[in-house]
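This briefing is for a reader who has not seen this structure before. It covers a sheet, the helices beside it and a pocket.

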Amino acid sequence: MNTVLIAEDEKFIRLGLKTMTQRSGIPVGQILEARDGEEALALLQSHPVDLLITDIRMPKMDGIALVEQLHTLPHPPMVLAVSGYEDFNYAVAMLRCGVSDYLLKPVERQKFCEALEKLEARYQEQQKTATHSRQQFLRALRLLMLERSADSRETNELISRYESAFFQDAYVGFCGGDYTGELPTDVICLRTENHCMLYLTEESSREKVKALLSPVSGLSKPHMGLAQLRQCYLEALRCWQRSYFTGKPYQGETTAKTDVPSVTAEQLLGLVSLSRDKEIIRLLGVQARLAGQGDLAPEAFEKLCTEFIRGLCGTYKNLLDPADDPVRFAQVWDFGCAQQYLEALAGWLSGFCGRITQEFADYENKQKIRQAVQYIQENFRSPLNMAVVSNHVSMNYSLFSLLFKQYTGTNFVNYLQSLRVEETKRLLATTDWRVGEIGRRAGFTDEKHFLKVFKNATGLSPSEYRKTLVLRDAMQTDS
């Protein structure tokens, strides 16, 4: 139990009951004390109490009169009566008033603890019932809030069943983000389908609740009855969407001048291919300002962003990092406000466009290396060096050296020499030219260097290599 109130005019008995309650093993959050019935009633009217332990004979207002007043409270407590008078009439009177249990003074510790245990079990059962009823009530309200068919049989049944439990006076609705603090007990909180909450309160409590919520919130007009709940929600939602773009609470007209943005998703995707992420954010920022001013429907901004992100995911799916999927940016309302959304999107786009730039650069460089390899294969017989080839494909000398090795698996000199050695082998096998002549025709300009390179590559001198070819041919002819 959260709160127990002990009403007893004799101080030592009151303290004794308090001590037994504390030592009973029953979890109690707070124990209040009253010296007479009037003081007890005042406490009951200002504090929610779960259990009232009261004497019968007290000054100013006795226990029977006090218990009779409990029906005026919104949430009457359970009652455990104690009396020093073994009088059946007192017991009957108290039980008729709804007393849960009755003990005689002097109160025995064991009987007192047994009574508290029974009342605690009853309290827990009441809590379960109340929680279940509350959940059913909130579930019904949410259905009415989201129900698009305002005159369906189910809607009318829900209104009829729960109307008496709803606000009887004018109420208003706030749309906003999750409030992490403790809301007043008279506030009804419902989760919407638009990633925000609807807070319902009596119109008289409007300013109190408004002060608790974040600046990004929308307020409806006053409404009466459950039948107007959906209208209240839609008004608050549209105001919240306007507030989302301004960062300030909003209440008022929500009709926009147009639902057509001044930029299309296709145009934004075109800017992605050019890695112009800052321009994309600037254009989206313009649309956000228009929505905040009421010149563009908030849903139009949402649709633009959703189409842009879906198009980006479809176009660049092979470049997207699975650990940093941008699909979350299709859900505009998941972010606290437009500024937070644009800042988060800007950070992601900057990295992604940088990756695109690098990919395009890598692609262009690969194309240039392919061109370089083809140029070498066509011109290796001529005097050739890396500076000539890198200039031919318009690439930085150092970058060319690095990328060439990555692409071919070897450095430029070895690649060029391997082509010339293969050409030497071909000429040795197909011509009777002198070795020096073959070296020059294969691209070697220095004979000494030519002989050294060839022997390192084959393990033989050009002359020895030719002899092995002649011998091989002779053996093949004999066979």
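**Sheet, helices and pocket**

Strand 7 and strand 8 (residues 197-202) are paired in the antiparallel sense, over four bridges. The model that shows this pairing is predicted. The points below begin with the sheet that holds these two strands, then turn to the helices and the largest pocket.

Sheet
- Four strands make up an open sheet with the order 7-8-6-9, and their pairing is antiparallel.
- Strand 7 (188-191) and strand 9 (217-219) are the edge strands, each pairing on one side only.
- On average, neighbouring strands of this sheet are turned by 20° against each other, with direction ignored.
- Leucine 190 has leucine 198, in strand 8, opposite it.

Helices on the sheet
- Helix 5 packs on the sheet and touches strand 7 and strand 8. The direction of helix 5 makes about 60° with that of strand 7.
- Helix 8 (residues 229-246) lies across strand 6 (171-176), strand 8 and strand 9. Helix 8 runs at about 40° to strand 6.

Largest pocket
- The volume of the largest pocket is about 1200 Å³.
- The pocket is lined by 31 residues, of which Pro48, Pro74, His75, Ala130 and Thr185 are the closest to its centre.
- By type, the lining residues are 16 nonpolar, 10 polar and five charged.
- At least two lining residues come from each of helix 2 (37-46) and helix 5 (109-146).
- Helix 5 gives the largest share of the lining, eight residues, and helix 5 also packs on the sheet.

Note on methods: Residues are numbered from 1 along each chain as its sequence is written. This is a predicted model: local features need pLDDT of at least 70, side-chain atom pairs count only at pLDDT 80 or more; totals for chains, interfaces and linings use all residues. Side-chain values use heavy atoms; hydrogens and water are left out. On a 1 Å grid over the protein atoms alone, a cavity is a set of points where a 1.4 Å probe fits but cannot get out, and a pocket is an open set with protein on both sides within 12 Å along at least five of seven lines; lining residues have an atom within 4 Å of a point. Grid points are joined across faces, edges and corners, and a volume is the space filled by probe spheres set on the points. Ala, Val, Leu, Ile, Met, Phe, Trp, Tyr, Cys and Pro count as nonpolar, Asp, Glu, Lys and Arg as charged, and the others, Gly among them, as polar. Two strands pair if DSSP finds at least two bridges between them. Axes are lines fitted to C-alpha atoms, for helices over the stretch in contact, and angles run from 0 to 180 degrees between N-to-C directions. Contact means heavy atoms within 4.5 Å.
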